[in-house]
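Visitor: I've just opened this structure and would like some help reading it. Where do we start?

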Number of protein chains: 2
Amino acid sequence: MSRFEVRSFSLSLDGYGAGPDQRRDQGLGRGGESLHEWMFATRTWERMQGRDGGETGVDDDYAARGFENVGAWIMGRNMFGPIRGPWPDETWKGWWGDEPPYHCPVFVLTHHARAPLVMAGGTTFHFVTGGIEAALALAREAAAGGDIRLGGGVETIREYLRARLVDALHLAIAPVLLGSGEALFVDLDLPALGYRCTEHATTPKATHVVLTREN
Amino acid sequence: MSRFEVRSFSLSLDGYGAGPDQRRDQGLGRGGESLHEWMFATRTWERMQGRDGGETGVDDDYAARGFENVGAWIMGRNMFGPIRGPWPDETWKGWWGDEPPYHCPVFVLTHHARAPLVMAGGTTFHFVTGGIEAALALAREAAAGGDIRLGGGVETIREYLRARLVDALHLAIAPVLLGSGEALFVDLDLPALGYRCTEHATTPKATHVVLTREN
């Protein structure tokens, strides 16, 4: 069966997946960009921007694995955009320009219905109002045997973890402190939910761990 | 001036410095031993047990640095022992046997007065009821120019951090999940308290970071 995984999700040392004060001109929150330095240096990232170059090695291996065999994505409303409440109109089309880096169906969790949004390069955003299990069922069907990657944000990941639906998480812990923001681990007993650290690799820019659900 | 530092303090990936259910036969809490695997393999640890052998390298360098120039220690009551409330008698003398590994004055924070306890090998436990600042003043005097090492537990470290009294923390993040226990970072805004990550080194057993207060 296809796997449902969080991949390349960056965290600060103090456990935050995004900084405080997320807003339109600061989608990752204050200081949030610093979590992703390990990714910005990779060849995988450069290729996503249509450029040559970038580093290979452990960081790049994880970045590349993040996109392998992905047939669909799921993300929370906050990862799709800074707009809260009902959609005022159809102008917001995500943070990623006309050709988003997904190239497959993306299921966006929201309380507010909206027509699917077809973008260049194979990405279609589908807006799901039926909750996390409905989104996963739709994504699994759309992925047609491929894996489903869960993007974020933190609260969406925590919901799926609590429901024991995530097969594995690859986290990249950056050597930075954020101090506040969205905390991934607080009041979430991952061992009790069946998770164990099954992979651990380190680079100057990040500590990569994979947490796998084993029961 | 002598420095006041947390050194070789182990944390789980999910931010716990000890496991749940700390008690007499499980001083580090359930699963807590697994946080210290990086230390147990080192030459420094072997020497502390009076044995030869053990690994050298980054883990050992940090373990050894932990003991350099230390003139006094401070620890919380829970690190000294599992007894809560008034001392029932004088029989509990710490977890460490007749010759504890401190070899200098150790100031134990407690609400319950007790006479100093002189142990073999140069360790004397002093019980301080005047609070964290009083303990630090006493330790600084006793250290006579040496550094003061803050042991733990988590709550004691958090108190000193909130008071902006700690100069630096060396944390060793082990690739394990504990799920619950004593969380170091929750509701503690380290950047706002002046801390920044100033050192980052990784090994197969731990991610070592040093957080330094810069203002």
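**Where the chains meet**

Guide: With the contact between the chains: 27 residues of chain B are in contact (heavy atoms within 4.5 Å) with 28 residues of chain A. Keep in mind that this is a predicted model, where local features need pLDDT of at least 70 and side-chain atom pairs count only at pLDDT 80 or more, while totals for chains, interfaces and linings use all residues. Residues are numbered from 1 along each chain as written, chains are lettered from A in the order written, and side-chain values use heavy atoms, without hydrogens or water.

Visitor: How much area do chain B and chain A bury between them?

Guide: The size of an interface is often given as the accessible area lost when the parts come together. Here that buried area (1.4 Å probe, summed over both parts) is about 1,900 Å², with 67% of it on carbon and sulfur atoms. In chain B, the residues that lose the most area to chain A are B:L13, B:L177 and B:H200, together 29% of what that side buries.

Visitor: How many salt bridges does the rule find across the interface of chain B and chain A?

Guide: A salt bridge is a side-chain nitrogen of Lys or Arg within 4 Å of a carboxyl oxygen of Asp or Glu. Across this interface the rule finds zero, though a search of the whole structure finds 22 over all chains.

Visitor: Can you show me one of those inside chain B?

Guide: Sure. B:R43 and B:D60 meet through their side chains in a salt bridge, at 4.0 Å from N to O. The pair links distant parts of the chain, 17 residues apart: B:R43 is in helix α2 and B:D60 in helix α3 (helices being DSSP runs of H or I, at least four residues).

Visitor: Are B:R43 and B:D60 buried or exposed?

Guide: Buried means under 20% relative accessible area, exposed over 50%, and partly exposed in between (1.4 Å probe, protein chains only). B:D60 has 4%, so B:D60 is buried; B:R43 has 33%, so B:R43 is partly exposed.

Visitor: And what about the nonpolar core?

Guide: In soluble globular proteins, nonpolar side chains tend to be buried together. A nonpolar core is a set of buried Ala, Val, Leu, Ile, Met, Phe, Trp, Tyr and Cys residues joined through side-chain atoms within 4.5 Å. The largest one here has 70 residues, and those with the most contacts inside it are A:I74, A:Y160, B:I74 and B:Y160. Leaving aside neighbours within four places in sequence, B:I74 is in contact with residues including B:F4, B:F107, B:L109 and B:Y160.

Methods. Buried area = accessible area lost by both parts, 1.4 Å probe. Helix = DSSP H or I, 4+ residues; strand = E, 2+ residues; numbered from the N terminus.
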